[in-house]
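Let's take a walk through this fold, from its nonpolar interior to its charged pairs and out to the surface. Have the viewer open as you read.

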Amino acid sequence: MSLYALKPRFQAFLRPLVAWLAAKRITANAVTVMAAAGSVAIAGIVMWKAEERLVFLLMPLWLFVRMALNAIDGMLAREFGQKSRLGAYLNEIGDVVSDAALYAPFAIVAPFGPIDVAAVIFLSILAEFAGVLGPPVGASRRYDGPLGKSDRALVFGALACWIGFGGALPSSLFWLMPAIGLLLLVTTVNRVRAGLAEGVRGRTG
């Protein structure tokens, strides 16, 4: 089951903060841009200081903050009348930029390599693209797993914790990036299939 299923509970926890931000005239688009810019900044710091393994602990902290920011911008848009066409673009582009930036530092961590991580970044983008294509075929924006955005954040956050607290990863972990890539392919297929099925139901319902 994807962690996306836990989103309603997380949103309920954040709702008082969202109401406060709306009262302070903080916009959904500003939160979206902040999440993307913060992700790029954190990734840059980690790559710059990668030899100091403790710096990797910034990543799980930021991944949690980013998850909260992503929920907040959506709630501001839906619940406080801030939906916009620009916001839709910023939301999807910001997620892809953030993912690519936050996965990139693992390209310089053994036993992974640039090709492995680049493939994961590409397949992550492909999975999100498959989700975005739901509405054009008459379906909703698809978030099917098994490796959605929140699930990937959990995996990479755990890896960053391991590096930050334990140092070098064992060479036997070389299989992890290919496994993530395979799960991303399954995620993409699931989103396409679910989108097509939902589109058919919508036309015949």
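What follows goes through the core, then the salt bridges, then a surface patch.

A word on ground rules: this is a predicted model, where local features need pLDDT of at least 70, side-chain atom pairs count only at pLDDT 80 or more, and totals for chains, interfaces and linings use all residues. Residues are numbered from 1 along each chain as its sequence is written, and side-chain values use heavy atoms, with hydrogens and water left out.

Start inside. In soluble globular proteins, nonpolar side chains tend to be buried together. Here the largest nonpolar core has 46 residues; such a core is a set of buried Ala, Val, Leu, Ile, Met, Phe, Trp, Tyr and Cys residues joined through side-chain atoms within 4.5 Å. Phe56, Phe106, Phe112, Leu159 and Met177 have the most contacts inside this core. The elements that give it two or more residues are helices H1 (7-23), H2 (28-48), H3 (58-79), H4, H5 (114-132), H6 (149-166) and H7 (176-204), with H3 giving the most, ten residues. Helices here are DSSP runs (H or I, at least four residues), numbered from the N terminus.

Zoom in on Phe56. Leaving out residues up to four places away in sequence, Phe56 touches Val46, Ala50, Pro105, Val109, Ala160, Ile163 and Gly164, where contact means heavy atoms within 4.5 Å. Now hop to Leu76, which sits in helix H3. Leu76 counts as buried because its relative accessibility is 0% (buried is under 20% relative accessible area, exposed over 50%, partly exposed in between, with a 1.4 Å probe and protein chains only). With the same sequence neighbours left out, Leu76 touches Val18, Ala22, Ile26, Thr27, Ala28, Val31, Gly81 and Gln82.

On to the charges. Side chains of opposite charge can pair when their charged atoms come close. The structure holds eleven salt bridges, each a side-chain nitrogen of Lys or Arg within 4 Å of a carboxyl oxygen of Asp or Glu. One of them joins Arg66 and Asp99 at 2.7 Å, N to O. Arg66 lies in helix H3 and Asp99 in helix H4, so this pair ties together parts that are 33 residues apart in sequence. Arg66 is buried at 5% relative accessibility, and Asp99 is buried at 4%.

Which residues does Glu128 pair with? One is Arg152, with the closest N and O atoms 3.2 Å apart; that pair links helix H5 to helix H6, 24 residues along the chain. Another is Arg191, at 3.1 Å, N to O. Because Arg191 lies in helix H7 and Glu128 in helix H5, this bridge ties together parts 63 residues apart in sequence. Glu128 is buried at 6%, Arg152 at 0% and Arg191 at 2%.

These residues belong to a network of salt bridges linking Arg66, Glu92, Asp95, Asp99, Glu128, Arg141, Lys149, Arg152 and Arg191. Take Asp95, in helix H4 and buried at 7% relative accessible area. The side chains of Asp95 and Lys149 share a polar contact of 2.8 Å (N or O atoms within 3.5 Å; within protein, one must be able to donate a hydrogen and the other to accept it, and residues adjacent in sequence count only if both atoms are side-chain atoms).

Finally, step outside. Val40, Tyr89, Ile93 and Val97 make a nonpolar surface patch of about 390 Å². Patch residues have over 30% relative accessible area and no salt bridge, with like charges joined within 9 Å and nonpolar side chains (Val, Leu, Ile, Met, Phe, Trp, Tyr) within 5 Å; areas come from the Shrake-Rupley method with a 1.4 Å probe, and for residues only the protein chains shown count as cover. Helix H4 (residues 85-103) supplies the largest share, three residues. Val97, in helix H4, is partly exposed, with a relative accessible area of 36%.
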